[in-house]
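Here's a quick tour of one model, written for someone who likes to poke at geometry. We'll go from empty space to ring pairs, and then to some backbone oddities.

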Amino acid sequence: MSTFSSPEKNKNDNTEEETSKQAAAAVARTPPRQFKPTSPLRLPQLCPATPRAFQSLHLTPSPRCPPPNRHFLATPSTPLSLDPAMAGSITLVLGAILLAAGLAAAQTPTPTPTPTPRLPPAAAEAPAPDPGCNGIELSYNLQNRIKIRPFVADQSKQPYSFKANASVVNGGTRPLKSWAMLVTFGHDEILVGVDGAVLTAGADLPYNTTENAGNATSFSGYPQTDLLTPIATAGDIAQIQASVGLVGTLFAGPIGKVPVTLPTALSLDDPDYECPPATNITATVLSTCCLLTPKALANATVPDANTTDPTKNFLPRGNGDLVITYDVIQAYPTSYLALVTMENNAKLGRLDNWRLSWEWRRGEFIYSMKGAYTSKKDTSACVYGAAGQYYQTTDFSQVLNCEKKPVILDLPLSRYNDTQMGRIENCCRNGTILPKSMDASQSKSAFQIQVFKMPPDTNRTKLFPPANFKIAGGSSLNPDYTCGQPMPVSPTGFPDPSGLDSTTLAVATWQVVCNITKPKDAKPKCCVTFSAFYNDSVIPCNTCACGCPANRRGPTCSTTAQSMILPPEALLVPFDNRTLKAQAWADLKHYNAPRPIPCGDFCGVSINWHVSSDFNKGWSARVTLFNWGDVDMANWFAAMVMDKAYNGFEKAYSFNATAVGNDTIFMQGLEGLNYLVKQTNMSGTDYLVPGKQQSVLSFDKKLTPSLNVIAGEGFPSKVFFNGEECAMPQRFPMSSGSRTRLSSALALVLLLAASSAFLLLQQ
């Protein structure tokens, strides 16, 4: 409210207020005027500024109306007064006019409107293209990172905890089966938690993405292994998307001073898809869209009902060095019966005393088992855990194992006919799985387990296999395996137990493919020595051929010096007892002995290949196996790659040897003679003597007439023992010129002596 006003205005305001009061009092004292019907009506004139309802009557304005440019309302200088009689007249007149107009409108016929031609609707504009992904969308969202201790001076190596989310969304027309996402981390990330997926290689957490993964870290879907299409699911995000939660540690510079610590690449581990380089959607989100390759599109078939039916649409079964099949053969609401089968497909790989382990991911536990046993019978995790709360009436003393990562072993042969533990086909072989090239009947191993489930999987159709399978042998000579994650495949068919010509299908089947792998710094586990009839020295195994121990006790030795030439008898002596023989032989042959002397080979098995003879029509070699380990080796086998000499192979005399192709001779012990014993302490010696077996091999030269045995073509280029490739010598025994001349002179002397004897006999 303003505090300043002119005196004139205040005066006018008072006058207007008094005038209004007088008009109101007059209206109150005046009785309503009575209109006579015979009296003519005089319509009062209305001003143009009156409301539009009155203006529509087209009444002529009164001469007393204010000019058109003035407001209809009274101003303080011209106070407005209204006669009550006039107001009543206006009301009656308006009512009569409106009534007359309504009656006239009702009697007047409504004219028919002239139809106007309709124009065709304008064509709708084409919708803008969808900016989303019509393939497989991969994204990585860095949710946060927090500085953690220890605090270091080098800020580029400061550890930070981080949380991230990776997602896979199927926006295409083809189901994505057994998806696997590749993430290339760039800041030495160490993963300590993974949710919604598992590491494809089955590695344990914490997982160093730089040291263990190399180029990229692979995540496989679990338990959601397959992603259906939006068309088949009406866009149900739960069936077309998988989300992976990640928790870990990374090393980077200060927050805000370095770029956001996102991965360097995202990709899909599927040869049918191509993924362009990932781009930043925001500062913390990386994304890419993977599309089918032209080849995959060309081979695509018309979708049918099976493409959306998880019980009928399966990926083809995989191939690998070792394949593990997980068959559910009986299913119940809270448990199921499964048959686990391991099949060896490697040409030379084998397992002795195999040890199988996996990880339960949904609270399961093993109630019973046939054909194998767990290394530990432990039910504490059930009794004191969620299983004990859910199965309150169960006697857990009868439960076999409640470990999250059980270790399973094969039964010995003596338990095969045990009705409670054995009687499973391909079980009870003491953990031995041989290659099919050696014995196809022993290339499989199987056992049966009864598994109890936990909520929310207490439904006979809720079936999930364990994850993170691992398989290893008990011998140091067994190869290392890396196993993938279980993949759903078509159910396995079993012969009908009644003998009828029908097949019984498993309820569900998963397959785990394992392949032989060698770490970058892996060392061989066996080595080879060479010798020949034309040289009296032996070429030993290489120095540290199988690796040198880091904390070796004893005299100092050189890990880089070339191994010393040995006399033949030294092959029967452990390396620690060869020193004196090697030094004496070097002095005798005038060889330079290095100082310090070279270290040993540290191999559990050594194989000597000795060229025994060389004639115009053929030649022979002798193979000797030495077991320097502390474990007996049953059902051993070896393979020799002979290159140029392969076509001339005839036979082995004490081994069962066969030419199997690819220039390879496969050999094993004869029945009853295939046991390579460990090293033992024989009477009369102060050192251990290795177990050994030996055989002579013969070759002809009909197909290899140009073979130069003495030049080294009579030696193998590769040697395998129990599937493990052995370290080969770096040189061959050579025939020196002086030794050759000596042998010729000796032969001439013997010839002259024989001639003289013949002449004497003739006389």
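The largest cavity holds about 180 Å³ of space, in a model that is predicted. In total, there are 4 cavities of 30 Å³ or more. What lines the largest one? Its lining is made of 17 residues, and M564, L566, F575, P598 and C599 sit nearest the centre. Sorted by character, the lining of that cavity comes out as 9 nonpolar, 6 polar and 2 charged residues.

**Aromatic pairs**

Next up, the rings. A pair of aromatic rings is described by the distance of the centres and the angle of the planes. The structure has 24 aromatic pairs. Two of them are set out here.

| Pair | Centre to centre | Angle between planes | Arrangement |
|---|---|---|---|
| W358 and F469 | 5.4 Å | 50° | tilted |
| W619 and F699 | 4.2 Å | 5° | stacked |

Why does the pair of W619 and F699 count as stacked? Planes under 30 degrees apart get that label, and the planes of W619 and F699 are at 5°, so the pair is stacked.

Both pairs bridge distant parts of the chain. W358 belongs to strand β15 (residues 355–359) and F469 to strand β20 (residues 467–472), with 111 residues separating the two. W619, in strand β29 (residues 618–627), and F699, in strand β36 (residues 691–700), are 80 residues apart.

Are W358 and F469 buried or exposed? W358 and F469 are both buried. As for the stacked pair, W619 has a relative accessibility of 3%, so it counts as buried. F699 is also at 3% relative accessibility and therefore counts as buried.

The tilted pair has company, too. W358 and F469 belong to one aromatic cluster together with Y326, Y336, W354, W360, F447 and W510.

**Charges over rings**

A couple of cation–ring contacts are worth a look. The charged end of R145 sits over the ring of Y160, 4.5 Å from the ring centre. K147 has its charged end over the ring of F151, with 4.8 Å to the centre.

**Backbone oddities**

Most residues other than glycine have a negative phi, and most peptide bonds are trans. So the following spots deserve a click.

Start with the cis bonds. R149 and P150 are joined by a cis peptide bond with omega of about 5°, and P150 is in the loop between β1 (136–147) and β2 (158–170). The bond from P455 to P456 is cis as well, with omega near 10°. P456 is placed in the loop between β19 (444–452) and β20.

Now for positive phi. F602 has phi near 55° and is part of the loop between α10 (579–589) and β28 (605–614). With a relative accessible area of 32%, F602 counts as partly exposed, because that value falls between the cut-offs of 20% and 50%. N635 likewise has a positive phi, near 55°, and lies in the loop between β30 (633–634) and β31 (637–641).

Where does N662 fit in? N662 is in the turn of the hairpin formed by β33 and β34, which has 2 residues between the strands, and its phi is positive at about 55°. Strands β33 (residues 655–661) and β34 (residues 664–669) run antiparallel and are joined by 6 bridges. In one of the partnerships, A657 is matched with M667 in β34.

Conventions. Residues are numbered from 1 along each chain as its sequence is written. This is a predicted model: local features need pLDDT of at least 70, side-chain atom pairs count only at pLDDT 80 or more; totals for chains, interfaces and linings use all residues. Side-chain values use heavy atoms; hydrogens and water are left out. On a 1 Å grid over the protein atoms alone, a cavity is a set of points where a 1.4 Å probe fits but cannot get out, and a pocket is an open set with protein on both sides within 12 Å along at least five of seven lines; lining residues have an atom within 4 Å of a point. Grid points are joined across faces, edges and corners, and a volume is the space filled by probe spheres set on the points. Ala, Val, Leu, Ile, Met, Phe, Trp, Tyr, Cys and Pro count as nonpolar, Asp, Glu, Lys and Arg as charged, and the others, Gly among them, as polar. Two strands pair if DSSP finds at least two bridges between them. Helices (H or I, at least four residues) and strands (E, at least two) are DSSP runs, numbered from the N terminus. Rings of Phe, Tyr and Trp (its six-membered ring) pair if their centres lie within 6.5 Å; planes under 30 degrees apart count as stacked, over 60 as edge-to-face and the rest as tilted. Buried means under 20% relative accessible area, exposed over 50%, partly exposed in between (1.4 Å probe, protein chains only). A charge sits over a ring if NZ of Lys or CZ of Arg is within 6 Å of the ring centre and within 35 degrees of the ring normal.
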